[in-house]
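Hi,

Here is the structure I promised to pass on. Have a look at it first, and my notes on what turned up follow below.

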Amino acid sequence: MHDAHFHMSDPLLKYSLKGIVNASSPEEYNRLREYDYIVSAGIHPWYVDCTEYDAMLPCLEKADMIGEIGLDNTWCSTDLTLQKNIFEKQLKLACKLHKPVILHLKGMEKEAYSYICKYPNTYIVHWHSSKEMIQEYIDLGCYFTIGPSIEIDEAVNEVCRKCPLDKLLLESDGIEAIAWAYGCKEEDVSYLDALTKSIGAISKIKNMPFAEMEIQLDKNFYEIEKKTR
């Protein structure tokens with residue numbers, strides 16, 4: 001089992017799963033380097049107006065991956081021109097340094113697609129919960145992390161159905177995100193049970209035995225891990 005996308009959280013850092021943990025500030029990055037995870041660093045579109053690119057640059061250069069980065073006109077009100085500027089700077093750097101990228105896409109899937117087409121790379125689309133542009137991102141060879149809302153979100157179901165088996169990854173997005181997806185309190189979340197539940201849902205959609213699906217998902221994760229070395 002793995003967790004291909006989560007954020008710094010003391011309850012999660014105690015687990016020994018293979019995973020990709022995301023840092024959105026120099027302070028988070030410096031702390032996360034102490035742990036045995038793949039560490040990604042990036043200026044999230046929610047924080048483009050409070051995180052300086054030059055301050056984050058040393059972390060971007062040292063990190064195993066770049067992310068999560070992207071465009072969002074749905075869950076935040078940060079300036080879109082600034083979002084696009086910071087997004088493209090990070091894409092350009094990731095391409096230059098040959099670092100895989102984790103994408104945050106919300107409401108601006110078409111706009112983000114036009115940017116990433118200019119910078120060939122390994123891209124991971126994080127918890128894609130839109131029916132927009134699924135095939136276009138698949139055609140670019142993107143990986144997709146499946147979030148904990150898979151059993152209740154038809155768009156996430158469709159992503160899972162359409163995505164090639166060797167491009168699927170498992171993610172929690174953290175305890176807070178699981179609680180949001182399940183409509184429960186954070187203290188009621190069982191992290192490992194949530195990941196197991198997602199594997200079961202993916203197995204059902206792909207008509208594949210649970211044990212075989214878990215092996216396949218981990219195999220996909222190891223392919224990403226190799227790209228960070």
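Let me start in a loop: Trp 127 sits between strand E6 (123-126) and helix H6 (134-139). Its backbone caught my eye, with phi near 45 degrees, a positive value in a residue other than glycine. Most residues other than glycine have a negative phi, and most peptide bonds are trans. The second half of that rule has an exception here as well: Gly 67 and Glu 68 are joined by a cis peptide bond, with omega at about 0 degrees. Glu 68 belongs to strand E4.

Before you zoom in on details like these, remember that this is a predicted model. Confidence looks good on paper: the mean pLDDT for the protein is 94, and 100% of the residues score at least 70. Strand E8 (residues 168-170) has the highest confidence at 98, while helix H1 (residues 10-13) has the lowest, with a mean of 76.

Now the helix packing, beginning with H4, which turns up in two of the pairs I went through. Helix H3 (residues 53-62) packs against H4 at an angle of about 25 degrees, and their axes are 12 Å apart. That angle is under 35 degrees, so H3 counts as roughly parallel to H4. H3 passes H4 in a right-handed crossing. On the H3 side the contact uses Tyr 53, Leu 57, Leu 60 and Glu 61, and these meet Ile 86, Lys 89, Gln 90, Leu 93 and Leu 97 of H4. By class, that contact has six nonpolar residues, one polar and two charged.

The other partner is helix H5 (residues 109-116): its axis and that of H4 (residues 80-97) come within 10 Å and cross at roughly 35 degrees. This crossing of H4 and H5 is right-handed too. Here H4 contributes Lys 84, Phe 87, Glu 88 and Leu 91, and H5 brings in Ala 112, Tyr 115 and Ile 116. The tally for H4 with H5 is five nonpolar, no polar and two charged residues.

Further along, how do H9 and H10 cross? The axes of helix H9 (residues 191-206) and helix H10 (residues 210-227) come within 9 Å, at a crossing angle of roughly 105 degrees. This makes H9 roughly perpendicular to H10. From H9, the residues in contact are Thr 196, Ile 199, Gly 200, Ile 202, Ser 203 and Lys 206, and they meet Phe 210, Met 213, Glu 214 and Leu 217 in H10. The contact of H9 with H10 divides into five nonpolar, three polar and two charged residues.

Last, the aromatics. There are eight aromatic pairs in the structure. One of them is Trp 75 with Trp 180, an edge-to-face pair at 6.3 Å centre to centre and 75 degrees between the planes. This pair links distant parts of the chain, with the two residues 105 apart: Trp 75 is in the loop between strand E4 (65-72) and H4, and Trp 180 is in helix H8 (residues 175-182).

Over to you, and shout if anything is unclear.

Cheers

Technical notes:
Residues are numbered from 1 along each chain as its sequence is written. This is a predicted model: local features need pLDDT of at least 70, side-chain atom pairs count only at pLDDT 80 or more; totals for chains, interfaces and linings use all residues. Side-chain values use heavy atoms; hydrogens and water are left out. Axes are lines fitted to C-alpha atoms, for helices over the stretch in contact, and angles run from 0 to 180 degrees between N-to-C directions. Helices (H or I, at least four residues) and strands (E, at least two) are DSSP runs, numbered from the N terminus. Angles under 35 degrees count as roughly parallel, over 145 as roughly antiparallel, 65 to 115 as roughly perpendicular and the rest as oblique. Contact means heavy atoms within 4.5 Å. Ala, Val, Leu, Ile, Met, Phe, Trp, Tyr, Cys and Pro count as nonpolar, Asp, Glu, Lys and Arg as charged, and the others, Gly among them, as polar. A crossing is left-handed if the near helix is turned anticlockwise from the far one by less than a right angle, and right-handed if clockwise. pLDDT is the predictor's confidence in each residue, from 0 to 100. Rings of Phe, Tyr and Trp (its six-membered ring) pair if their centres lie within 6.5 Å; planes under 30 degrees apart count as stacked, over 60 as edge-to-face and the rest as tilted.
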